[in-house]
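Please find below a short note on the chain under review. The points concern its overall make-up and the packing of its helices.

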Amino acid sequence: MTYLLEFRQTQNFYLKRQQVSLEKLLQIASTEVSPFRVPLRQHLWNLQQHPELAATFRQVVMTNAPVRLKSKEAFKLQSMGLIKTQSDDWSPSCNLYRQYFSSQLGEI
């Protein structure tokens, strides 16, 4: 949840100070020029250190429907702020995660 708050603050700063439209910000959000690139890369690095967790998260971001996960993996990914629950199933915490990680974890 901390990262989502940080994203919101970064978004507000970027929109106000950089005079960039929301449309443009959404266009670049999941790219390497994104103002969100640092926290996204931190999450990516953490996932790369734990291939089984990366594979589980890849499963979540590569599908549009919520996914049933083992409780251990769900707990870890939720603790990182990467997923949210929908009943007993899980989906990415935000669409930005789906966009960024589906391309970054696509090779697993």
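The numbered points that follow begin with the whole chain and then turn to particular helix contacts.

1. The coordinates are those of a predicted model. The chain contains six helices and two strands. In sequence order these elements run α-α-α-α-α-β-β-α, with the two strands placed directly before the final helix.

2. Of the 108 residues in the chain, 36% are buried. The accessible surface of the chain comes to about 6800 Å², and carbon and sulfur atoms contribute 50% of that area.

3. Among contacts in the chain with a separation of 6 or more, 53% join residues that lie 24 or more positions apart. Two helix pairs, both involving helix 6, are described in the next points.

4. Helix 3 (residues 37–48) and helix 6 (residues 95–104) have axes that come within 11 Å of each other and cross at roughly 50°. Because angles from 65 to 115 degrees are counted as roughly perpendicular and those under 35 degrees as roughly parallel, helix 3 is classed as oblique to helix 6. The crossing of this pair is right-handed.

5. On the helix 3 side, the contact with helix 6 is formed by Leu40, Arg41, His43, Leu44 and Leu47. Helix 6 contributes Leu96, Tyr97, Tyr100, Phe101 and Gln104. Sorted by class, the residues of this contact are seven nonpolar, two polar and one charged.

6. Helix 4 (residues 51–61) also packs against helix 6, at an angle of about 120° and with the axes 9 Å apart. With this angle, helix 4 is likewise oblique to helix 6. The crossing of helix 4 and helix 6 is left-handed.

7. Which residues make the contact between helix 4 and helix 6? Helix 4 supplies Phe57, Val60 and Val61, while helix 6 supplies Tyr97, Arg98, Phe101 and Ser102. By class, five of these residues are nonpolar, one is polar and one is charged. Tyr97 and Phe101 of helix 6 are listed in the contact with helix 3 and again in the contact with helix 4.

8. Ser102, a residue of helix 6, merits a separate remark. Leaving aside residues up to four places away in sequence, Ser102 touches Val61, Met62 and Tyr97. Ser102 and Val61 are separated by 41 residues in sequence, yet their C-alpha atoms are 5.6 Å apart in space.

How values were computed:
Residues numbered from 1 in each chain as written. Predicted model: local features only at pLDDT ≥ 70, side-chain atom pairs only at ≥ 80, totals over all residues. Heavy atoms only, no water. Helix = DSSP H or I, 4+ residues; strand = E, 2+ residues; numbered from the N terminus. Buried < 20%, exposed > 50% of the residue type's maximum accessible area, 1.4 Å probe, protein only. Contact = heavy atoms within 4.5 Å. Areas by Shrake-Rupley, 256 points an atom, 1.4 Å probe, with all protein chains shown as cover. Axes fitted to C-alpha atoms, helices over the stretch in contact; angles between N-to-C directions. Parallel < 35°, antiparallel > 145°, perpendicular 65-115°, else oblique. Left-handed = near helix turned anticlockwise from the far one by under 90°. Nonpolar A, V, L, I, M, F, W, Y, C, P; charged D, E, K, R; others polar.
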